[in-house]
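Reader: Please set out the reasoning behind the salt bridges and the burial classes assigned in this model.

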Amino acid sequence: MKDERIERLAEVITGYSTGVKRGDVVLISASGEECQPLLKAVHRRCLERGAKYVEIQFSFPEVARDLYRFGSKEQLSHFPAHRLAFLKQVDVSIGIAAEANSMVLAGVDQRKVIAHQRVLRPLLDWRVNRTRWVVLRYPTHGMAQQAGMSLEELEDHVFASCTLDWAAVSKRQDPLVRLMARTDEVRIEAPDSDLRLSIRGIPPAKADGHRNLPDGEVFTAPVKTSAEGHIVFNCPTIQGGQPFDDIRLTFRRGRAVEGTAADGAERLGRVLDTDAGSRYLGEFAFGLNPGITRPMRNILFDEKIFGSIHLALGNAYRKCDNRNRSSIHWDLVKIFGPGSRVSFDGTPIMVDGRFVHPSLKPLNPPAGRK
C-alpha cells in the first residue's frame with residue numbers, strides 16, 4: 001500500500017523542485033537504507049517523466065566513517081575525477097539522506113573531515129552551480145530522537161513542512177526580496193548580540209522549494225568586509241560530525257576575529273581556520289517556514305525556523321555573490337525572542353521574531369503561532 005505522503009513528496013521533488021523532463025540525465029544520491037520508500041517513489045517518477053537515464057548512488061555513513069578512521073593521507077587527498085566527469089553530464093541532482101545517527105563522525109579527527117571536504121569541493125560547486133538540484137532528509141528513528149519527537153510526530157512534521165503550496169509561498173516572499181534589494185545596512189540586536197552588516201549591491205534571492213526541502217527563506221550575502229560587532233547563535237548545530245552549542249562570534253571588518261562555543265572552543269577554532277574564506281560570511285538569510293518552530297539540530301530544518309535569521313561562514317552562493325570563497329558553508333542560526341530586533345537602514349522590520357514592516361506582515365503565521 002502506497003503512503004500518499006511519500007507520493008506527494010516525490011511529486012514535489014520531481015515536478016516543482018527540479019522539473020524532471022524528457023531527455024534529462026538524473027543523479028539520485030541516497031544515504032542510509034531507511035530512505036528506500038522515497039527513493040523508489042522518486043526513481044519511478046523520474047522514469048514516468050521521461051528521464052533519459054537515472055543513476056542511483058547509494059552510501060552508508062558508517063562505511064564512510066572508516067575513511068576518516070583508517071584512510072591514509074594519500075587516500076583522503078585523492079580526488080574522484082570519474083565522479084566529476086559523470087556529474088558534467090547530469091541535468092538534475094537529487095539528494096536524499098536518512099540519518100540513523102547524526103553523530104556518526106563525532107569520534108573521528110575533525111581535521112581529516114575538513115581536509116576531505118576541501119578535496120571534494122569541486123563536486124559540490126558543480127552540482128550547485130550547473131544542475132537543477134534539491135536535497136532533503138527522510139525521517140528516521142535517529143532523527144526523531146535527536147528532535148525530541150516520536151517517529152510518527154517527525155513524519156507528520158517533515159511531510160507537512162516539505163509539501164507546502166510552494167508557488168503561493170514564493171509569491172508571499174516577493175515583498176521581502178524587494179525590500180532587501182534596496183537595503184544597505186542591516187542591524188541585528190538581541191541579548192548579547194549587536195551586529196551590523198551591509199547587503200548593499202548584492203541581490204537577494206528566494207528559497208521557495210526548488211533547492212532544499214523543507215524550504216522557506218530569503219537570502220543574500222553581506223558585503224565581505226562589512227560585518228562589525230558580535231552575535232550569539234542559540235540554535236544547536238553540527239559541523240563535520242561534531243556538535244556545537246551557543247556559538248558566539250565577534251566580527252571586525254567582516255572577519256570573525258574571535259569565537260567561543262560551549263564545550264567546543266578549540267573545535268570551533270579549527271573550523272574557523274579551514275581556509276582563507278572560512279572566517280568571513282557568505283550568506284545572510286531569514287527563516288520563513290511557519291511549520292518549523294523549534295530546533296532539531298538539523299540545518300535543513302533549523303535554518304527555516306520562522307522568526308530566525310542565519311549567517312553562513314564560508315562560501316557564498318553565485319546567485320548572491322560577495323566573492324568569498326571557502327571549502328565550507330556553515331549555516332549558523334539565531335532564533336529571535338523577546339528583546340530582539342532586526343532593522344534595515346534604521347527602520348525595524350522584525351521585532352521579537354515577528355515582522356512589523358507593513359509590507360511583510362503577510363509572512364507572519366496566524367496569531368498565536370510563531
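Reader: Why is Arg 132 called partly exposed?

Author: In this predicted model, Arg 132 has a relative accessible area of 26%. The partly exposed class lies between 20% and 50%, so Arg 132 belongs to it.

Reader: What makes Asp 24 buried?

Author: Its relative accessible area is 3%. Buried means under 20%, and Asp 24 is therefore buried.

Reader: How do you know that Asp 24 and Arg 132 meet in a salt bridge?

Author: The N to O distance between their side chains is 2.5 Å. The cut-off is 4 Å, so the pair qualifies as a salt bridge. Asp 24 lies in the loop between helix H1 and strand S1, and Arg 132 in strand S4, so the salt bridge ties together parts that are 108 residues apart in sequence.

Reader: Why is the contact of Asp 192 and Arg 248 called a salt bridge?

Author: Their side chains meet at 3.2 Å, N to O, and the definition asks for a distance within 4 Å; the contact therefore counts as a salt bridge. Asp 192 is in the loop between strand S5 and strand S6, whereas Arg 248 is in strand S12, so parts 56 residues apart in sequence are tied together.

Reader: Which exposure class do Asp 192 and Arg 248 have?

Author: The relative accessible area is 42% for Asp 192 and 25% for Arg 248. Since partly exposed covers the range between 20% and 50%, Asp 192 is partly exposed, and so is Arg 248.

Methods: Residues numbered from 1 in each chain as written. Predicted model: local features only at pLDDT ≥ 70, side-chain atom pairs only at ≥ 80, totals over all residues. Heavy atoms only, no water. Helix = DSSP H or I, 4+ residues; strand = E, 2+ residues; numbered from the N terminus. Buried < 20%, exposed > 50% of the residue type's maximum accessible area, 1.4 Å probe, protein only.
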